[in-house]
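Work through the model below one question at a time. Each answer ends on the item asked for.

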Amino acid sequence: MTRCLNCGAERAADVCDACGLDPTAAEFALRRRLLNRTGFFALGAIAFVAASTRYPPLDSDGVLIFIAVLFFPTLALAIWVERRALRHEEVEALKRIYYGLVPLPWLLAALLLGNGALDRAAPQIEEARVVGKVAMAGLLPIRRIVVVSWREGHRVERIPVVRSDFDVTSPGDILEVKVMGGLVGIPWVAGVSRR
Ligand SMILES: [Zn+2]
């Protein structure tokens with residue numbers, strides 16, 4: 001007994017009783033759906049990065065690593081499902097896991113947006129001494145000012161900043177970092193100013 005690649009129903013004959021597609025048509029339908037969902041997933045990852053730029057979490061490196069750890073294995077899973085579909089092998093379970101992961105970046109983007117946009121609490125101003133700067137060019141340029149941490153158990157903080165702040169800051173400066181608590185408890189940086 002094998003399952004139809006299109007609708008997942010068990011089929012005894014070549015043509016699926018449930019949806020009426022033969023194996024080739026079912027494979028085509030599945031691959032088209034995989035492609036659409038992968039596009040939706042990739043857009044979600046972009047939305048997530050945009051949200052993390054708009055309301056940058058204090059632990060922004062950790063957040064970006066998290067999305068990378070989610071993103072690449074999920075894409076690999078999509079490729080695996082497609083490879084199996086090409087060989088007309090069983091894909092039902094893998095397909096369900098993949099479809100379950102697809103909306104995740106969108107949910108996380110909404111979480112970060114809500115965490116920042118709906119945060120009505122007063123910011124906390126932290127004074128911190130600058131010890132370095134890190135910039136990475138690329139599609140999404142990364143600019144961080146490294147300061148001595150004010151949090152227990154943290155040696156330094158890598159504060160995400162906009163370019164104008166990045167350019168005028170140098171090691172030794174004292175920065176005032178405006179830290180927000182976040183609606184759902186993810187602290188984020190509302191801005192920096194030099195004393
Ligand atoms: Zn079917």
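Q: In this predicted model, is P187 buried, partly exposed or exposed?
A: The relative accessible area of P187 is 26%. Buried needs a value under 20%, and exposed needs one over 50%. P187 falls in between, so the class is partly exposed.

Q: Where does P187 lie, and which residues does P187 contact beyond four places in sequence?
A: P187 sits in the loop between β6 and β7. Leaving aside neighbours within four places, P187 is in contact with P57, L58, V179, M180 and G181.

Q: How far apart in space are P187 and V69, C-alpha to C-alpha?
A: In sequence, 118 residues separate P187 and V69. Their C-alpha to C-alpha distance is 21 Å.

Q: L183 is found in the loop between β6 and β7. Which residues does L183 contact, leaving aside neighbours within four places?
A: L183 and N115 are 68 residues apart along the chain, yet their C-alpha atoms are separated by 4.5 Å. N115 is also on the contact list of L183. That list reads G114, N115, L118 and D119.

Q: Is D173 buried or exposed?
A: D173 is found in the loop between α5 (163-168) and β6. Its relative accessibility is 19%. The cut-off for buried is under 20%, so D173 counts as buried.

Q: Which side chain makes a polar contact with the side chain of D173?
A: The side chain of D173 has a polar atom 2.9 Å from the backbone nitrogen of S170. That partner atom belongs to the backbone. Leaving aside neighbours within four places, D173 is in contact with A128, R129, V130, V168 and R194. The side-chain polar contact, at 3.4 Å, is with R194.

Q: Is R144 buried or exposed?
A: R144 belongs to strand β4, residues 142-148. The relative accessible area of R144 is 7%. The limit is under 20%, so R144 is buried.

Q: Which residue has a side chain joined to that of R144 by a polar contact?
A: Not counting residues up to four places away, R144 touches S60, D61, L64, G132, K133, V134, R158, I159, P160 and F166. One of these also makes a side-chain polar contact with R144, at 3.3 Å. The partner is S60.

Q: I142 lies in strand β4. What distance separates the C-alpha atoms of I142 and D61?
A: Leaving aside neighbours within four places, I142 is in contact with L64, V134, A135 and M136. D61 is not on that list. I142 and D61 are 81 residues apart along the chain, and their C-alpha atoms are separated by 9.9 Å.

Q: Is A109 buried or exposed, and which residues does A109 touch?
A: A109 has its place in helix α4, residues 104-117. At 4% relative accessibility, A109 counts as buried. G44 is 65 residues away in sequence and 7.3 Å away in space, C-alpha to C-alpha. Not counting residues up to four places away, A109 touches A47, F48 and A51.

Q: What is the phi of H88?
A: H88 lies in the loop between α2 (60-86) and α3 (92-101). H88 is partly exposed, with a relative accessible area of 38%. Most residues other than glycine have a negative phi. H88 is not a glycine, but its phi is positive, at about 55°.

Q: In what pattern do the helices and strands follow one another along the sequence?
A: The chain has five helices and seven strands. Read along the sequence, the pattern is β-β-α-α-α-α-β-β-β-α-β-β.

Q: Why is the chain described as more spread out than a compact globule?
A: The globule rule gives 16 Å for 195 residues. The C-alpha trace spans about 75 × 35 × 30 Å along its principal axes. The chain is more spread out than a compact globule because its radius of gyration is well over the rule, at 23 Å.

Q: What share of the contacts with a separation of 6 or more joins residues 24 or more positions apart?
A: Buried residues make up 38% of the 195 residues. Among contacts with a separation of 6 or more, residues 24 or more positions apart account for 57%.

Q: How far apart are the mean positions of the positive and negative charges?
A: The accessible surface is about 11,200 Å², and carbon and sulfur atoms hold 60% of it. The chain has 24 positive and 20 negative charges. Their mean positions are separated by 4 Å.

Conventions
Residues are numbered from 1 along each chain as its sequence is written. This is a predicted model: local features need pLDDT of at least 70, side-chain atom pairs count only at pLDDT 80 or more; totals for chains, interfaces and linings use all residues. Side-chain values use heavy atoms; hydrogens and water are left out. Helices (H or I, at least four residues) and strands (E, at least two) are DSSP runs, numbered from the N terminus. Buried means under 20% relative accessible area, exposed over 50%, partly exposed in between (1.4 Å probe, protein chains only). A polar contact is a pair of N or O atoms within 3.5 Å; within protein, one must be able to donate a hydrogen and the other to accept it, and residues adjacent in sequence count only if both atoms are side-chain atoms. Contact means heavy atoms within 4.5 Å. The radius of gyration is taken over C-alpha atoms; the globule rule is 2.2 Å times the number of residues to the power 0.38. Accessible areas come from the Shrake-Rupley method with a 1.4 Å probe; for residues, only the protein chains shown count as cover. Lys and Arg count as positive and Asp and Glu as negative; His and the chain ends are not counted. The place of a charge is taken as NZ of Lys, CZ of Arg, CG of Asp or CD of Glu.
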